[in-house]
Amino acid sequence: MAKDVEGAEGFAARDYEDPPPTPFFDAEELTKWSLYRAVIAEFVATLLFLYVTVLTVIGYKISSDTKAGGDECGGVGILGISWAFGGMIFILVYCTAGISGGHINPAVTFGLFLARKVSLIRAVLYMVAQCLGAICGVGFVKAFQSSYYVRYGGGANSLADGYSTGTGLAAEIIGTFVLVYTVFSATDPKRNARDSHVPVLAPLPIGFAVFMVHLATIPITGTGINPARSFGAAVIFNESKPWNDHWIFWVGPFIGAAIAAFYHQFVLRASGSKSLGSFRSAANV
């Protein structure tokens, strides 16, 4: 609930009360078309995300492969790959935010679930749709560029040579924390109530967070921070190295998302105690 109040300097400001936490389990949600429309939106958005970004990765490797006549300094480079990932998130969050919330990432969905922003049913269906969309997106890349796809690694995530498992896991935890913390901050309903421009700008910082994290972690893990992205590429590429390292790209992002949810809800916002109380109430029902 928002209401106008007189500020210290006579300007109109908005007071705001947090909405109640989303029910932990809401069976009635399964009867609503809006849920399935949102699930479809998550599927399509993740498909498009993987299709464009994996194509970008493979295109860069083709252009920079000196053995195949490429230029070592050719292609878009790490900077261009980072822009592809961040730019696609910016576009797709902007397109789907009003339908599904524009998660496009199981780690984001998990963090919002822990903060009681989405129900268990919606969270599970979103994650399934995201993983299926990722598989289909990478599948299209392989179908259209089969020989290049296999030759250049299929855009699959794995730990780079010279880095320990702990380093890779830490990179995924911190990278996902940056992303999910940005999601919470950019979509904070209290900020939205006070600054009317914030909902319009929300996709921009989210996309930029993805861009910055890719710049930092591509040399380490290829940058996961999105379990669906890593899962889809691993399924279609289906080689031992990505599968051996695959747990890092689920455990790391989920830990990072959980820390971001706790930090935003319990440290930065007083609403955290309400969410915790709602969990306890649900458990006692």
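Let's start in a loop: Ala-156 touches Ala-233, Phe-237 and Pro-242, leaving out residues up to four places away in sequence. This alanine sits between α5 (146–151) and α6 (165–186). Lys-241 is 85 residues away from Ala-156 in sequence, yet the two C-alpha atoms are 9.3 Å apart in space. Keep in mind that this is a predicted model.

**The chain as a whole**

The secondary structure comes to 13 helices and 2 strands. Of the 285 residues in the chain, 45% are buried. Take the contacts with a separation of 6 or more: 76% of them are between residues 24 or more positions apart.

**Two helix pairs**

Two packed helices are described by the angle between their axes and the distance between those axes. Here is how that looks for two pairs in this model.

| Helix pair | Angle between axes | Axis distance |
|---|---|---|
| α1 (residues 33–63) and α4 (residues 120–144) | about 35° | 7 Å |
| α2 (residues 77–96) and α9 | about 155° | 8 Å |

α1 passes α4 in a right-handed crossing. The residues of that contact split into 21 nonpolar, 4 polar and 2 charged.

For the other pair, angles over 145 degrees count as roughly antiparallel, and α2 and α9 are therefore roughly antiparallel to each other. Their crossing is right-handed. The residues of the α2 contact with α9 come to 18 nonpolar and 4 polar, with no charged ones. On the α2 side, the residues that meet α9 include Trp-83, Phe-85, Phe-90 and Tyr-94. On the α9 side, Phe-208, Phe-211, His-214 and Leu-215 are among the residues that meet α2.

**A closer look at α9**

Where does α9 bend? Helix α9 (residues 203–221) bends by about 45° at Leu-215. A proline, Pro-219, follows within four residues of that point. Leu-215 and Pro-219 both take part in the contact with α2.

The buried residues of α9 include Ile-206, Val-210, Val-213 and Ile-220, along with Gly-207, His-214 and Thr-217. An α-helix has 3.6 residues a turn, so residues three or four places apart point the same way. Ile-206, Val-210 and His-214 are on the buried list, and these residues also appear in the contact with α2.

**Backbone oddities after α9 and α10**

Just after α9, Gly-222 takes a positive phi of about 80°. Most residues other than glycine have a negative phi, and two residues here go the other way.

One of them is Thr-223, with a positive phi of about 65° although it is not a glycine. Thr-223 is in the loop between α9 and α10 (227–237). Is Thr-223 buried or exposed? With 0% relative accessibility, Thr-223 counts as buried.

The other is Asn-238, a residue other than glycine whose phi is near 55°, again a positive value. Asn-238 belongs to the loop between α10 and α11. Its relative accessible area is 51%, so Asn-238 is exposed, given that the cut-off for exposed is over 50%.

**A histidine in the next loop**

His-246 lies between α11 (240–244) and α12 (248–268). What does His-246 contact, once neighbours within four places in sequence are left aside? The partners are Ser-230, Phe-231 and Ala-234. His-246 has a relative accessible area of 8%, and anything under 20% counts as buried, so this loop histidine is buried.

Definitions and conventions
Residues numbered from 1 in each chain as written. Predicted model: local features only at pLDDT ≥ 70, side-chain atom pairs only at ≥ 80, totals over all residues. Heavy atoms only, no water. Bend = angle between axes of the 7 residues up to and from the residue. Buried < 20%, exposed > 50% of the residue type's maximum accessible area, 1.4 Å probe, protein only. Axes fitted to C-alpha atoms, helices over the stretch in contact; angles between N-to-C directions. Left-handed = near helix turned anticlockwise from the far one by under 90°. Nonpolar A, V, L, I, M, F, W, Y, C, P; charged D, E, K, R; others polar. Parallel < 35°, antiparallel > 145°, perpendicular 65-115°, else oblique. Contact = heavy atoms within 4.5 Å.
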